[in-house]
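Me: I am new to this structure and would love a close look at one part of its surface. Please start there, then walk me onward through the rest in one connected answer.

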Amino acid sequence: MDKDLLRSVDLLKENEEEVRNDAENALLTVCQNILSHPNDKQYREVRLDNPMVTTKLLPALGGIECLFDIGFVETTDCLSLPEEAPLSKLQALQNLLNKSSLPMIAPTVDTALYDLIPSTCTERENRFFCIIVEYFQGVLRYEDPSLQEKAKKVIPIIDLEIATMTRLGQLHKHVKLFQAGSQKGVEKQQDEHDIDDAKDLFLMELLHWFKYKFFTWIDSPKCTACFSECKRQEVVSSNDPRCSRVEIHKCTRCGTRVKFPRYTDPEPLLTLRRGRCGEWSNVFTLFCRTLGYDARVIYDHTDHIWTEVCNGHCPYLNGKYVQRYGPYTKKDGFI
C-alpha cells in the first residue's frame with residue numbers, strides 16, 4: 001500500500017465529520033466514475049472550478065492530496081489522470097475510504113417481535129415469519145432522524161426543486177396552449193387543475209436523479225485486479241451486522257475472487273451507492289420517507305423487492321399506492 005496515500009487518508013480523519021464525509025464522498029465518486037468508465041476521458045478530468053473541488057475537497061485536509069496520490073496531475077485549469085496511471089491506486093483509495101466510512105454498528109433490533117411467531121409453526125413457516133419481522137424492523141430504520149439527516153446531505157434538493165419548477169412551468173405553458181385552441185383535433189380541454197401536484201413532479205425528478213446519477217446497478221462487480229467481468233461462485237455468511245450475506249464472484253479472466261456484500265442497512269449504501277433490487281429499494285424508500293412521501297417497501301418472496309409511493313393528490317385514486325418505483329428487468333433497467 002502506498003504510504004503517501006495512507007497518510008493522506010489519515011489526514012482526512014483530522015477534519016470535522018461533515019467536512020470529512022463530504023470529501024470522502026467526492027473522492028469515492030471520482031474513483032467510481034473512472035473505474036466504471038476507464039476509457040472515458042471526461043471522467044479523468046476534474047476542473048479546478050468544479051464545486052466538488054472548491055466546496056468539498058479544498059476545505060478538507062488530505063482531500064486534494066488523495067487525488068495527487070492516486071496519480072492526478074495539475075494542468076492549466078483542471079486535475080487530470082493520465083492514461084498510463086495505474087487504476088489499482090484508485091481501487092486502493094476506494095477500499096480505504098469504504099473502511100473508514102462504514103463503521104460496523106448494528107441496527108437496533110427488537111427481539112420481542114420474534115416472540116410473536118407462533119411456536120406451533122413449521123420450520124418453513126418460521127423462516128417466513130422471521131423474514132417478515134426483519135423487514136418490519138428494517139423499514140422502521142427509515143424513520144431514524146439521524147439517518148434522514150445523512151440522507152438529506154446526499155440529495156441535491158435545491159437542484160431537484162429547480163428542475164421541478166421548470167417542469168411545472170412547461171406544463172402550465174402547455175395547458176395554456178390547449179386553452180388557446182392551438183392544438184387542433186383536441187376535443188377535451190385541460191386546465192391547470194389537471195396538472196399533477198408539484199410534489200409528484202418533484203418525486204419524478206428525484207427518481208430520475210436516483211436512477212441515472214446516484215445509484216449503480218450491479219449484477220456482478222468488476223474484477224479488482226484487471227477490471228474484467230466476474231461471475232458469481234458462492235454465497236457466504238457475513239460478520240457485519242448490517243449485511244445479510246456476502247457474494248463471492250470470480251473473475252472470468254484472471255481468477256481473482258471478489259467479495260460483494262449485500263447490505264440490508266441503508267446507511268452504508270449512502271456511500272457505496274450500488275447493488276440490486278434490495279439495495280435499490282432500500283435507499284430509495286429512505287429518500288422518499290426523508291422527503292415526507294408516504295412510501296412503503298413491497299417484498300415479493302419469489303425474489304424481488306420495490307418501492308411504492310402513495311398518490312394522495314388525485315381524487316380518482318383515493319390515496320392508493322399506485323406509483324411503483326424499482327428495478328424491473330435487466331433489459332429495461334429501472335422503472
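Reply: Let's begin with Phe 129, which has a relative accessible area of 33% and is therefore partly exposed, since that class lies between the 20% limit for buried and the 50% limit for exposed. Please keep in mind that this is a predicted model. Phe 129 belongs to helix H6, which covers residues 123-140. Together with Phe 128 and Ile 132, Phe 129 makes up a nonpolar patch on the surface, and the accessible area of the three adds up to about 240 Å².

From that patch, let's turn to aromatic residues elsewhere. The model holds 11 aromatic pairs. One of them joins Trp 209 and Phe 214: the ring centres are 5.0 Å apart and the planes meet at 40 degrees, so the pair is tilted. Are these two residues buried or exposed? Trp 209 has a relative accessibility of 11%, so it counts as buried, and Phe 214, at 2%, counts as buried too. Both belong to a cluster linked by ring pairs, whose members are Trp 209, Phe 210, Phe 214, Phe 215, Trp 280, Phe 284 and Phe 287.

Trp 280, Phe 284 and Phe 287 lead us to the next stop, as they are listed among the buried residues of helix H11. This helix is mostly covered, with 12 of its 14 residues buried. The buried set also includes Cys 277, Glu 279, Asn 282 and Thr 290. Helix H11 runs over residues 277-290, and at 1.5 Å a residue it should span 20 Å; the C-alpha atoms at its ends are 20 Å apart, so the model agrees with the expected span. Just after H11 comes Gly 292, with a positive phi of about 90 degrees.

Further along the chain we meet strand E9, residues 295-300, which runs antiparallel to strand E10, residues 304-310, with 6 bridges between them. Ala 295, for example, has Val 309 in E10 as its bridge partner. E9 and E10 form a hairpin with 3 residues between them, and Asp 303 in the turn has a positive phi of about 90 degrees.

Another hairpin links strands E5 and E6, this time through 6 residues. E5 covers residues 230-236 and E6 covers residues 243-251; the two pair in the antiparallel sense over 6 bridges. Within this pairing, Lys 231 faces Lys 250 in E6.

There is also an open sheet of 3 strands, ordered E1-E3-E2 and paired antiparallel. E1 (45-47) and E2 (73-74) stand at the edges, each with a single partner strand, so one side of each has no neighbour in the sheet. E1 pairs with E3, residues 78-80, over 3 bridges in the antiparallel sense. Among these contacts, Arg 47 has Cys 78 in E3 as its bridge partner.

One last stop is helix H5, residues 88-101, where you will find Gln 94. With a relative accessibility of 13%, Gln 94 falls under the 20% limit and so counts as buried. Its C-alpha atom is 6.0 Å from that of Leu 28, although the two residues are 66 apart along the chain.

Looking back to where we started, Phe 129 is partly exposed, whereas Phe 214 counts as buried.

Conventions
Residues are numbered from 1 along each chain as its sequence is written. This is a predicted model: local features need pLDDT of at least 70, side-chain atom pairs count only at pLDDT 80 or more; totals for chains, interfaces and linings use all residues. Side-chain values use heavy atoms; hydrogens and water are left out. Patches are made of residues with over 30% relative accessible area and no salt bridge: like charges are joined within 9 Å, nonpolar side chains (Val, Leu, Ile, Met, Phe, Trp, Tyr) within 5 Å. Accessible areas come from the Shrake-Rupley method with a 1.4 Å probe; for residues, only the protein chains shown count as cover. A salt bridge is a side-chain nitrogen of Lys or Arg within 4 Å of a carboxyl oxygen of Asp or Glu. Helices (H or I, at least four residues) and strands (E, at least two) are DSSP runs, numbered from the N terminus. Buried means under 20% relative accessible area, exposed over 50%, partly exposed in between (1.4 Å probe, protein chains only). Two strands pair if DSSP finds at least two bridges between them. The expected span of a helix is 1.5 Å times one less than its number of residues. Rings of Phe, Tyr and Trp (its six-membered ring) pair if their centres lie within 6.5 Å; planes under 30 degrees apart count as stacked, over 60 as edge-to-face and the rest as tilted.
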